[in-house]
Amino acid sequence: MSLFKHLLRNPTAKSYSYSSPSIIMPSNLILTCLSHFTTDASPSTVQLTQYSGLGPTKANEKPRVVVLGSGWAGCRLMKGIDTSLYDVVCVSPRNHMVFTPLLASTCVGTLEFRSVAEPIARIQPAISREPGSYFFLSHCAGIDTDNHVVHCETVTDELRTLEPWKFKISYDKLVIALGAEASTFGIHGVKENATFLREVHHAQEIRRKLLLNLMLSDVPGISEEEKSRLLHCVVVGGGPTGVEFSGELSDFIMRDVRQRYSHVKDYIHVTLIEANEILSSFDDRLRHYATTQLSKSGVRLVRGIVKDVDSQKLILNDGTEVPYGLLVWSTGVGPSTLVKSLDLPKSPGGRIGIDEWLRVPSVQDVFAVGDCSGYLESTGKTVLPALAQVAERQGKYLFSLLNRIGKAGGGRANSAKDMELGDPFVYRHLGSMATIGRYKALVDLRQNKESKGLSLAGFLSWLVWRSAYLTRVVSWRNRFYVAVNWATTFVFGRDISRI
């Protein structure tokens, strides 16, 4: 309040500082707040200033690690990094991490949305309480590796009343963990009409569309053809995400929809479209089991390639038209537009090129982890798959490496050029799991498709799947949420409220 009073008495003031002298609050943002309380102030009475952001760290300050992204890799790194050695600044368009293996369960009400979202401030409490650590709800707009600066732009969710504010952050160490985006393969109409399943808001959109179509199909006067279209749920992509969502959806239909929407129970159905085999990374026996169980659950499996997507139908390469009311696109991921635009070396496939220590070798103090990174051809290593366990293990390795560098006095910019980094990163695959609905799941513990190992299917695998993911949920708070949600769903069924 004293800040507002001072501004009103001195409307030509240029800027005001936060507790950190290197952060300056823009006066036009103050005016936006004041406009709700006074009509005397106008933009013409205040001289606007450029917001400088966070400048280079000083000798009496801790080195600054800037993390771009809040996915598996970035959050695992932030959780383990030693905040007595570094200040941590996270830049991300979302203020939470998504536990993606359970995201499909939120679409049909098996889990609540907050059960799969872990706030960044809980993952790394220093962001909330340390004077030099921050979280900025912003996009990365560019990176100046020569001057150790990240260019950022605030997130406004396309609100017309807010304009994105641009600022800069200087870094001593930069970790690029920007993830990837869903691959559309340039197919016309996918971005405009399909829903992806990578974020909480995607799951919320799927749930709202699904329940809306259920209720609209029960309205008098709807034709049989339109009712069948509205209640046709199409999933494109037979990987773990597509199969798990199809299984959850079919289970929702069998156990809940047919009891509570008896008038339309015979119209709703699910189609899973895949160009090749579903769950291609799994054991052949498990793939056959999954195909059989999904078919028993009412999921229609179609082999084909989508050629075009319209607002109410999609067209396959053989000319078949598939009407739909809900279209979920889950065909894998690829480099994001920002990653492609960065002037950094690229690995095969367009990811940011890294060496064995997860460094971007052509620049100083820059590391890349997760789905946005891949080994350079010069390393002789193959690009790792875009999996949560790969990203998590890379984040774990990198925080250990940065802590070691910091303890050896190499935390400052350009101070670790000739430092011995120790053993390189080595990834060992722990196996794959997927649920297919109706208390059944697949567990494949082989390290790769050629090696031998344990593989299970059925109810026992479902118990292993649930137990494993319950222990992998980031916090005890969310483990409690997940366990309670599972118990509530088992006793009372899924919630079908459209909120």
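**Cavities, a buried arginine and selected loop residues**

By class, seven nonpolar, four polar and two charged residues make up the lining of the largest cavity. The model in which this cavity appears is a predicted one. Its largest cavity encloses about 60 Å³ of space. Of the 13 residues that line this cavity, R351, G370, S373, V390 and Q394 come closest to its centre. Two elements, β23 (373–375) and α13 (388–407), are the ones that give two or more residues to this lining.

The structure holds two cavities of 30 Å³ or more. The second largest cavity contains about 30 Å³ of space, and its lining consists of M97, V98, F99, V116, A117, E118, V473, V474 and N478. Strands β5 (96–98) and β6 (117–119) each contribute at least two residues to the lining of the second largest cavity. Sorted by class, that lining has seven nonpolar residues, one polar residue and one charged residue.

It helps to set these spaces against the chain as a whole. The chain has 15 helices and 26 strands. Of its 499 residues, 51% count as buried. Sequence-distant pairing can be followed through the contacts: among those between residues at least 6 apart in sequence, 65% join residues at least 24 apart.

One buried residue deserves a visit of its own. R466 is found in helix α14, which spans residues 459–472. Although R466 is buried, this arginine has no salt bridge. The nearest side chain of opposite charge belongs to E248, and the distance to it is 5.7 Å. A salt bridge here calls for a side-chain nitrogen of Lys or Arg within 4 Å of a carboxyl oxygen of Asp or Glu, so the 5.7 Å separation of R466 from E248 does not qualify. Leaving aside residues up to four places away in sequence, R466 touches T110 and W486.

The tour then moves to the loops. R438 sits in the loop between β24 (432–437) and β25, and Y439 is placed in the loop between β24 and β25 as well. Phi of R438 is near 55°, a positive value in a residue other than glycine. For Y439, phi is near 60°, again positive in a residue that is not glycine. With a relative accessible area of 33%, R438 is classed as partly exposed. Y439 is likewise partly exposed, because its relative accessible area is 29%, and partly exposed covers values between the buried limit of 20% and the exposed limit of 50%.

A further loop residue is G453, located in the loop between β25 (440–444) and β26 (455–458). G453 counts as partly exposed because its relative accessible area is 45%. Along the sequence, G453 and G431 are 22 residues apart. In space, the distance between G453 and G431 is 9.3 Å, C-alpha to C-alpha.

How values were computed
Residues are numbered from 1 along each chain as its sequence is written. This is a predicted model: local features need pLDDT of at least 70, side-chain atom pairs count only at pLDDT 80 or more; totals for chains, interfaces and linings use all residues. Side-chain values use heavy atoms; hydrogens and water are left out. Helices (H or I, at least four residues) and strands (E, at least two) are DSSP runs, numbered from the N terminus. Buried means under 20% relative accessible area, exposed over 50%, partly exposed in between (1.4 Å probe, protein chains only). Lys and Arg count as positive and Asp and Glu as negative; His and the chain ends are not counted. Contact means heavy atoms within 4.5 Å. On a 1 Å grid over the protein atoms alone, a cavity is a set of points where a 1.4 Å probe fits but cannot get out, and a pocket is an open set with protein on both sides within 12 Å along at least five of seven lines; lining residues have an atom within 4 Å of a point. Grid points are joined across faces, edges and corners, and a volume is the space filled by probe spheres set on the points. Ala, Val, Leu, Ile, Met, Phe, Trp, Tyr, Cys and Pro count as nonpolar, Asp, Glu, Lys and Arg as charged, and the others, Gly among them, as polar.
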